[in-house]
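Biologist: Hey, can you zoom in on a single part of this one for me? I'd like the packing in some detail, with the cut-offs spelled out as you go.

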Amino acid sequence: MSKSNRRRHSRVRAKAVAAHLQTDRGSTSCYVDNISEGGLFIRTSEVLPSGMAVSLTLVRPGMKKGLRLTGRVVNAFTPDEAMERGLSPGMGVQFDPLEPDCTERLLNLMRDLGVPQGGPAAPLAFAPEPAGEPPPEPQRPSPHSPPPAAPAAPQPAYDGDAKLLIQIRGLLHELGEAHDLLRAREREIADLRDELNRLKAELTWRDALLAKAGQSPKR
């Protein structure tokens, strides 16, 4: 992908966004690190090979229903590779072309996450954010500098992130149960269809026997 193509979309940290990932190998739930209109980066230690097709359902506290997207893995960082580069392990996914309603919902999600309309472009969300940077070295005070201000009173710890994580876990659990229920209903429908075909075959065989015996079939 050229550098010009990698800067078409604004990228934003995907705070409190989780994804239910499905492939032909199975499904799993994970957290989204950052997202853009063209793709996203998922935090996971179980990375997939580049080029693999994936299906994603994004959820976030406050969303009425999950946002379903498809795409392909474009890069991946195993835990060892991520540790060497100071990044988070995971993989980048490039979205397939989106339907208009999906595009609108994705843009609304990104605006909720802090991307302004018409904001400056940033790289596509195909790479993780740095795991952390060392703090800057403290500056030596000048002898003519005024005395430092008294430290502010400690603020109570904010537990909003913990509450969001609990809500996300609940959403992922509900989403998994919904997928399991859907698969069970699909199996029931398939069984009913097989039973209907069997009854049709028996009825056809019965009509053939009656016709052979010179009797009209009864309905």
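Modeller: Sure, cut-offs first: a residue is buried when its relative accessible area is under 20%, exposed when it is over 50%, and partly exposed in between, using a 1.4 Å probe and protein chains only. Keep in mind that this is a predicted model, where local features need pLDDT of at least 70 and side-chain atom pairs count only at pLDDT 80 or more, while totals for chains, interfaces and linings use all residues. Residues are numbered from 1 along each chain as its sequence is written, and side-chain values use heavy atoms, with hydrogens and water left out.

Some context before the close-up. Helices (H or I, at least four residues) and strands (E, at least two) are DSSP runs numbered from the N terminus; the protein has three helices and seven strands, in the order β-β-β-β-β-β-α-β-α-α. Of its 219 residues, 31% are buried.

The part I'd pick is helix α2, residues 100–113. Its 14 residues reach 20 Å from first C-alpha to last, close to the 20 Å expected at 1.5 Å a residue (the expected span is 1.5 Å times one less than the number of residues). On the buried side sit C102, T103, L106, L109, M110 and L113. Looking down the axis of α2, these fall within an arc of 125°, so they line one face of the helix; the arc is taken over the directions from the helix axis to the C-beta atoms. The face turned away from them carries the exposed P100, D101 and D112. Just past the end of α2, G114 has a positive phi of about 120°.

So what sits on top of that buried face? Its cover includes β1 (11–13), β3 (26–36), β5 (53–59), β6 and β7 (90–95), where contact means heavy atoms within 4.5 Å.

One of those strands, β6, leads on to another bit of packing. Rings of Phe, Tyr and Trp (its six-membered ring) pair if their centres lie within 6.5 Å, with planes under 30 degrees apart called stacked, over 60 edge-to-face and the rest tilted. That rule gives one aromatic pair. The ring centres of F41 and F77 are 6.2 Å apart and the planes meet at 50°, so the pair is tilted. Since F41 is in β4 (residues 39–43) and F77 in β6 (residues 67–77), the pair ties together parts that are 36 residues apart in sequence. F41 counts as buried at 0% relative accessibility, and F77 counts as buried at 8%.
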